[in-house]
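Work through these exercises with the structure open beside you. Each task is followed by a stepwise solution.

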Amino acid sequence: MAADFLTALEGAREDELLEGGVFRDQVLEGLEGSGMDFKGCTFEKCLFQRCDFTRAAFYACRFTACDFSGCRLERSYFQACTLTGCKGDGCDLRFARWKGCTVTDSPFRYANFSGGVFQHTTISASNWSGAVLTELRLKGLRLQGVDLTGADLFRTSLKGMDLTGCTIDGITLSETCAELKGAILDAAQTPVVARILGITVR
């Protein structure tokens, strides 16, 4: 049986820990969840509007068809979480850390991930066009069918990253394009890289 998230959150504030619970079809506006820890929670079809989860931590949580576009998640932490069919357009995720997570069919267009960390995380079939992905630290990140059109990757090393199957048109790099050094690309992406490097292919 689904629980009421606001009631559960208020009861957990003293310990700053909300553990377990299934929360479905919740509409939450202006929610203050900063500094809270969430463990083993399940969120289904929840709408978060202008909510603040700054420095919040999520452990083994599952998000399905949730929308937290425009929410504040600076310095948040995600470990062993799954996001499926979610929407995070315009989210503030600066300095957020992701470890052992799976993100599927979840657009984060124009979201700001600058200064963040991705460890052993898989992102697939998702639209991250226009996202700010600057100065990220990446270890074991897998991208599968991710649209990075117009994304800003300044000072994010993609060495060893398999970008085949991803869309990289119009990405922003440093003047030397050092970010792409050591990345794995396919032949179809060659014209895109040539344009980035200012090379005309005839």
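A nonpolar core is a set of buried Ala, Val, Leu, Ile, Met, Phe, Trp, Tyr and Cys residues joined through side-chain atoms within 4.5 Å. Note that the model is predicted.

**Exercise 1. Find which residues touch the most other members of the largest nonpolar core, and which elements give two or more residues to it.**

Step 1. Take the core as a whole: the largest one holds 60 residues.
Step 2. Pick out the members that touch the most others: F38, F58, F68, W98, F113 and W128.
Step 3. Turn to the elements. Two or more residues come from each of α1 (5-12) and α2 (190-197). The largest share, three residues, belongs to α1.
Step 4. Zoom in on F113. Beyond four places in sequence, F113 contacts L93, R94, F95, W98, F108, F118, W128, V132, L133 and L136. Two of these partners, W98 and W128, are also on the list from Step 2.

**Exercise 2. Describe the overall build of the protein.**

Step 1. Count the secondary structure: two helices and 16 strands.
Step 2. Compare the radius of gyration with the globule rule. The value is 18 Å, close to the 17 Å given for 202 residues, so the protein is as compact as a globular protein of that length.
Step 3. Check the extents. The C-alpha trace spans about 65 × 25 × 25 Å along its principal axes.
Step 4. Look at contact range. Of the contacts between residues at least 6 apart in sequence, 6% join residues at least 24 apart.
Step 5. Finish with burial and surface. Buried residues account for 44% of the 202. The accessible surface is about 10000 Å², and carbon and sulfur atoms hold 49% of that.

**Exercise 3. Is M161 buried or exposed, and what does it touch?**

Step 1. Locate M161: it sits in the loop between β16 (142-144) and α2.
Step 2. Apply the cut-off. Buried means under 20% relative accessible area. M161 has 5%, so it is buried.
Step 3. List the contacts more than four places away in sequence: L138, L141, L143, G182, A183 and I184.
Step 4. Gauge a distance. The C-alpha atoms of M161 and V193 are 15 Å apart, with their positions 32 residues apart along the chain.

**Exercise 4. Compare the settings of R75 and R155, two non-glycine residues with positive phi.**

Step 1. Recall the background: most residues other than glycine have a negative phi.
Step 2. Read the angles. Phi is about 55° for R75 and near 60° for R155.
Step 3. Place them. R75 is in the loop between β8 (62-64) and β9 (77-79); R155 is in the loop between β16 and α2.
Step 4. Judge accessibility. R75, at 41%, is partly exposed. R155, at 56%, counts as exposed.

Definitions and conventions
Residues are numbered from 1 along each chain as its sequence is written. This is a predicted model: local features need pLDDT of at least 70, side-chain atom pairs count only at pLDDT 80 or more; totals for chains, interfaces and linings use all residues. Side-chain values use heavy atoms; hydrogens and water are left out. Buried means under 20% relative accessible area, exposed over 50%, partly exposed in between (1.4 Å probe, protein chains only). Helices (H or I, at least four residues) and strands (E, at least two) are DSSP runs, numbered from the N terminus. Contact means heavy atoms within 4.5 Å. The radius of gyration is taken over C-alpha atoms; the globule rule is 2.2 Å times the number of residues to the power 0.38. Accessible areas come from the Shrake-Rupley method with a 1.4 Å probe; for residues, only the protein chains shown count as cover.
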